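Here's a quick tour of a protein model for you to explore. Have a look at the sequence and the 3D view, then work through the notes below.

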Amino acid sequence: MTEPAVVLNGVSKQYGSFSAAEDISITIPKGELFGFLGPNGAGKTTTIKMMTGLLEPTDGTIEIGGINMWKQPLQAKKKIAYVPDHPTLYEKLTGWEYIRFIASVFGIPARQAEEKAVRLFDLFSLGSRADELIEGYSHGMKQKMALTGALLHDPDVIFLDEPTVGLDPKSAKTLKDLLRQLCDDGTTVFVSTHILEIAQEMCDRIGIIRDGKIAALGTMEELRGESSASLEDIFLELTGDEEQQELIRELAGGRADAP
């Protein structure tokens with residue numbers, strides 16, 4: 001059996017009487033590309049922040065490569081990289097200065113970091129802008145710079161929140177191909193996205209969260225069962241969004257009948 005890269009065991013997060021995440025248990029093996037889906041406010045970002053050590057759970061445990069995130073946070077965080085949907089970069093640094101800063105944080109030798117960054121810059125078409133201040137970058141360029149910094153130390157687990165937001169189609173395809181190759185080589189990738197086609201196309205397994213609880217977990221075949229439903233159909237059924245679709249149809253029908 002493949003060793004687990006990420007283990008959540010009974011993880012919950014309470015804010016007073018409100019439960020942002022409730023009794024979440026997921027085991028993600030090494031080398032898996034795991035998709036995490038849910039409507040706005042379902043608990044996706046809360047869960048990711050707990051997994052990356054940014055938010056302490058109320059209950060439960062989180063392990064990264066067998067290391068407890070909250071008992072040995074520094075050791076656990078060395079194994080991960082996290083790119084949020086709106087990455088915060090040091091905008092008064094140039095691209096190269098940012099990379100050198102990230103290298104210093106993770107103790108990566110300068111020559112090794114430079115060689116890795118050059119390859120990633122080439123992959124993401126950033127090389128010609130790497131000497132410019134980050135504040136002049138587009139959102140898509142900032143996203144690619146954040147991805148470059150995240151991959152610099154060869155993390156065991158990569159957490160990505162809406163990774164293709166702001167990317168042009170070519171860059172999005174490059175990123176998807178890169179993530180698949182990384183997983184095939186043993187890296188574990190945890191992706192949260194609203195783009196269901198990406199999840200269905202890329203991910204080995206998918207977890208769907210609703211109201212802070214896991215509503216479904218499995219491969220596309222396991223989620224479908226004996227049906228031929230698309231991931232969109234499954235998602236809408238599990239998250240209750242079919243009711244909204246019905247309201248949309250009623251509203252559209254009412255508009256069509258209007259004089």
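**The big picture**

In this protein, 68% of the contacts with a separation of 6 or more are between residues 24 or more positions apart. Keep in mind that you're looking at a predicted model. The protein has 10 helices and 10 strands. Its radius of gyration is 20 Å, close to the 18 Å that the globule rule gives for 259 residues, so the protein is as compact as a globular protein of that length.

**Size, surface and charge**

- Along the principal axes, the C-alpha atoms fit a box of roughly 65 × 50 × 40 Å.
- Of the 259 residues, 48% are buried.
- The accessible surface adds up to about 13,400 Å², and carbon and sulfur atoms account for 50% of that.
- There are 26 positive and 40 negative charges, and the mean positions of the two sets lie 7 Å apart.

**Helix α5, wrapped up by its surroundings**

- Helix α5 covers residues 139–151, which makes 13 residues.
- From first C-alpha to last, α5 reaches 18 Å, close to the 18 Å expected at 1.5 Å a residue.
- Since 12 of its 13 residues are buried, α5 is largely enclosed by the rest of the structure.
- The buried residues of α5 include Gly 140, Met 141, Lys 142, Gln 143 and Leu 151.
- What do those buried residues pack against? Their partners are the strands β6 (80–83) and β7 (157–161), plus the helices α3 (95–105), α4 (110–124) and α6 (169–184).

**Helix α1, a shorter stretch to look at**

- Helix α1 runs over residues 44–51, and six of its eight residues are buried, so α1 is largely enclosed by the rest of the structure too.
- The buried ones in α1 are Lys 44, Thr 46, Thr 47, Ile 48, Met 50 and Met 51.
- After α1 comes Gly 53, which has a positive phi, near 85°.

**Asp 23, a residue on a strand**

- You'll find Asp 23 in strand β2, residues 18–29.
- Is Asp 23 buried or exposed? Asp 23 has a relative accessible area of 55%, so it counts as exposed, the cut-off being over 50%.
- Leaving out residues up to four places away in sequence, Asp 23 touches Gly 10, Val 11 and Ser 12.
- Asp 23 and Leu 8 are 15 residues apart along the chain, and their C-alpha atoms are separated by 9.1 Å.

Key:
Residues numbered from 1 in each chain as written. Predicted model: local features only at pLDDT ≥ 70, side-chain atom pairs only at ≥ 80, totals over all residues. Heavy atoms only, no water. Helix = DSSP H or I, 4+ residues; strand = E, 2+ residues; numbered from the N terminus. Expected span 1.5 Å × (residues − 1). Buried < 20%, exposed > 50% of the residue type's maximum accessible area, 1.4 Å probe, protein only. Contact = heavy atoms within 4.5 Å. Rg over C-alpha atoms; globule rule 2.2 N^0.38 Å. Areas by Shrake-Rupley, 256 points an atom, 1.4 Å probe, with all protein chains shown as cover. Lys, Arg positive; Asp, Glu negative; His and termini not counted. Charge placed at Lys NZ, Arg CZ, Asp CG, Glu CD.
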